[in-house]
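Please work through the following exercises with the sequence and the model side by side. Each task is followed by a solution that goes step by step.

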Amino acid sequence: MTDDEAVTAADSLARLLRETAAELDARHARDEALAAVKASRKLLLVHTSASMQPAGRAWRLGVLLLGRDGEVWATGRITRATEPKKEQGLSASVEERRDARRAASKRFTEGEVVNFEHVRLPLDAESLRSGASDPLLLRDGVVHVRWGRGPDEVRELRAYLADRSEFV
């Protein structure tokens, strides 16, 4: 693939993402909160809990999160802002999910869906060409999305966004 083809694909991608965001915004589609996680710290004898800081809003479109200005992230983890009930000494993974709900409940509205540990995707031509924008990939000058782990779980991004946009 030539440099010009990659640049054209990156320009088309940016336009597609902005158009999709504008369409979702115009129909007041349900968006979700984004959060940046601040890790827990230990200072002398004081241990602080992990916390979540609001970091904007986005529409969840399968394996992608789309912001209002066309920026896009690979989805990370998700929780609901709710104060967990009493602790029961369950497995580490259950306790980790409880901690995430608790951290979200301190900064977001009760019951709100909060996305965290998402990864902003570079949308420039070189990143698309090199694979640095995974799950976005370039095939024959057209941007596709890898929505699963199997070799057949790749779809042209325009069709993927159109399908996913119907459910938000």
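The exercises below treat the two sheets, the helices that pack on them, the largest pocket and two points of backbone geometry.

The model is predicted, so that local features need pLDDT of at least 70 and side-chain atom pairs count only at pLDDT 80 or more, while totals for chains, interfaces and linings use all residues. Residues are numbered from 1 along each chain as its sequence is written, and side-chain values use heavy atoms, with hydrogens and water left out.

**Exercise 1. Determine the strand order of the open sheet of seven strands, and state which strands stand at its edges.**

Step one is to fix the terms: helices (H or I, at least four residues) and strands (E, at least two) are DSSP runs numbered from the N terminus, and two strands pair if DSSP finds at least two bridges between them. Strands of a sheet pair through backbone hydrogen bonds, either parallel or antiparallel.

Step two is to read the order, which is β7-β8-β1-β4-β5-β6-β9, with mixed pairing. β7 (77-80) and β9 (119-120) stand at the edges, each with a single partner strand, so one side of each is left without a neighbour in the sheet.

Step three is to follow the pairing strand by strand. β7 joins β8 in the antiparallel sense through four bridges, and the bridge partner of Arg77 in β8 is Phe116. Phe116 is also the partner in β8 of Ala35, where β1 and β8 (residues 113-116) run parallel and are joined by three bridges. On β4, the bridge partner of Ala35 is Pro54, and here β1 (residues 32-38) and β4 run antiparallel with six bridges between them.

**Exercise 2. Describe the open sheet of three strands, including its hairpin.**

The order is β10-β11-β12, and the pairing is antiparallel. β10 (136-139) and β12 (154-156) each have a single partner strand and stand at the edges, so one side of each lacks a neighbour in the sheet. From one strand to the next, the twist averages 40 degrees.

Next, consider the pairs. Four bridges link β10 with β11, and Leu137 stands opposite His144 in β11. His144 in turn stands opposite Glu156 in β12, while Val145 has Arg155 as its bridge partner in β12; β11 (residues 142-146) and β12 are joined by three bridges.

Finally, β10 and β11 form a hairpin with two residues between them, and Asp140 in the turn has a positive phi of about 50 degrees.

**Exercise 3. Work out how helix α4 is placed against helix α1 and against the strands.**

Begin with the helix pair, using axes that are lines fitted to C-alpha atoms, for helices over the stretch in contact, and angles that run from 0 to 180 degrees between N-to-C directions. The axes of α1 (residues 3-26) and α4 (residues 157-165) come within 11 Å and cross at roughly 10 degrees. The two helices are therefore roughly parallel to each other, a term that covers angles under 35 degrees.

Then list the contact (heavy atoms within 4.5 Å): among the residues that meet are Leu13, Leu17 and Leu24 in α1, and Leu157, Arg158 and Leu161 in α4. By class, this contact has six nonpolar, two polar and three charged residues; Ala, Val, Leu, Ile, Met, Phe, Trp, Tyr, Cys and Pro count as nonpolar, Asp, Glu, Lys and Arg as charged, and the others, Gly among them, as polar.

Last, turn to the strands. α4 lies across β10, β11 and β12, running at about 90 degrees to β12, and α4 also lies across β4 and β5 (64-66), at about 105 degrees to β4.

**Exercise 4. Which elements supply at least two residues each to the lining of the largest pocket, and how do the lining residues divide by class?**

A pocket is, on a 1 Å grid over the protein atoms alone, an open set of points where a 1.4 Å probe fits, with protein on both sides within 12 Å along at least five of seven lines, and lining residues have an atom within 4 Å of a point. The elements are β4 (51-61) and α2 (92-107), and α2 gives the most, with six residues. The lining has 14 residues, and Ala50, Glu96, Asp99, Ala100 and Ala103 lie nearest the centre of the pocket. By class, the lining residues are six nonpolar, two polar and six charged.

**Exercise 5. Where are Pro135 and Glu117 found, and what is noted about the backbone at each?**

Pro135 is in the loop between α3 (125-130) and β10, and the peptide bond from Asp134 to Pro135 is cis, with omega near 20 degrees. Glu117 is in the loop between β8 and β9 and has a positive phi of about 60 degrees, although Glu117 is not a glycine.

Definitions and conventions. Parallel < 35°, antiparallel > 145°, perpendicular 65-115°, else oblique.
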